[in-house]
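Let's take a walk through one helix and a few unusual spots in the backbone. Keep the structure open beside you as you read.

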Amino acid sequence: MHRPLAITDDQDLLDDLLRIAAAAGVEIDVAHVAAHARPYWGRAPLVVVGGDLADDLAATGPPPRQNVVIVTRTAGDPDMWRRCVAIGAQAVLELPDAERVLVEELGEAVEPATRAGTVVCVVGGRGGAGATVLSASLALTASRRGLRTLLVDADPLGGGIDVVLGQEQALGARWPDIVGREGRVSFSALHEALPTFGELTVLSWHRGRPAAIPREAMRAVLDAARRGCDLVVVDLPRHVDEGESEALARASATLVVVPADLRGALAAAQTVAVLRRHTGDLRAVLRTGTVDPDVVSTSLDVPCAGVVPDVRNLVETLDRGDPPPLGRTPLGRFCSGLLATLVDTP
């Protein structure tokens, strides 16, 4: 695969470009003389032209192409736009303000988005509502239908969603291994690092001291997953800190799992009030109880996405290390129907 090309003889600018490329996880070719760029011009996925060599490059008469940007460390130089036109560049990026933009441009050049993943958050209306089981079941159903899926366990106190899948011994990274990550993460790197089972990739927790998920880490994971997945399911705790807020803001839909009883409805009302501040599309998934599910949904002023069936001997099944029973079971049929309302399925 060809690498992005940087054309500059400004050592300070080159140092910046190499640092930014490293942040994007990208290696670049460098031409210190405009004429030396000719062999790379047509094949590089992105050309980054230093303002110092833009006039020299224009004098060589490079053929028109897409994905050319001028980068400068001099802010507000009106002559830079003339150079932009002269070489057919699409933009002028002024450092350091445009560093994040350039990281994205470099990353996208070498790993263009292949999917446009739908992010779905799942939250329990109260403790023990079954949100984690629904998250795992929905992700498993999607992956078995051929959808590339990332299941994210965002609850450090939940015991680990890999346990629900019966995969707690699977090798691969967990949240503590990546919480310090900021900036762009390639999906291929994320996919290789995390436990993966067919079309399902899982990001869970080690058994140890819990830690908060920083906003930047959640953003990096979800951005990478949306570029490489069809569906991202995020199992969230009921409290909303920075990382949880980031996930909710990116969700196409947030499912609130609510037991249809008085305590479940009262607790869910408080949970919904918190969630409304962070996300738009809220839907209630009801569990059968002593109150009519439609009454609970109406009282919460949240549309009902369905009534999830109870699963006999579910605790015993999970304790044996088996995943939730899906396929042609009532839970499997429910998840298939719910999935069809959230994402295009094959």
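In this predicted model, helix 1 has six names to look for on its buried side: Leu13, Leu14, Asp16, Leu17, Ile20 and Ala21 are buried. Their arc around the axis is only 160°, which means they sit on the same side of helix 1. The general pattern helps here: an α-helix has 3.6 residues a turn, so residues three or four places apart point the same way.

What do the buried residues of helix 1 pack against? Their partners are strand 1 (5-7), strand 2 (29-31), strand 3 (47-50), strand 4 (68-72) and helix 5 (99-110).

Now look along the helix itself. Helix 1 covers residues 11-23, and its 13 residues reach 18 Å from first C-alpha to last, close to the expected 18 Å. At its start, a side-chain oxygen of Asp10 comes within 3.0 Å of the backbone nitrogen of Asp12. After the helix comes Gly25, with a positive phi near 70°.

Next, some backbone surprises. Most residues other than glycine have a negative phi, and most peptide bonds are trans. Yet Leu95 and Pro96 are joined by a cis peptide bond, with omega about 10°. Pro96 belongs to the loop between strand 5 (91-94) and helix 5.

Two residues that are not glycine have a positive phi, as the table shows.

| Residue | Phi | Loop between | Relative accessible area |
|---|---|---|---|
| Asp301 | about 55° | helix 13 (293-300) and strand 13 (304-308) | 60%, exposed |
| Asn313 | about 60° | strand 13 and helix 14 (314-319) | 48%, partly exposed |

Note on methods:
Residues numbered from 1 in each chain as written. Predicted model: local features only at pLDDT ≥ 70, side-chain atom pairs only at ≥ 80, totals over all residues. Heavy atoms only, no water. Helix = DSSP H or I, 4+ residues; strand = E, 2+ residues; numbered from the N terminus. Expected span 1.5 Å × (residues − 1). Buried < 20%, exposed > 50% of the residue type's maximum accessible area, 1.4 Å probe, protein only. Arc of directions from axis to C-beta. Contact = heavy atoms within 4.5 Å. Polar contact = N/O pair within 3.5 Å; in protein donor to acceptor, adjacent residues only side chain to side chain.
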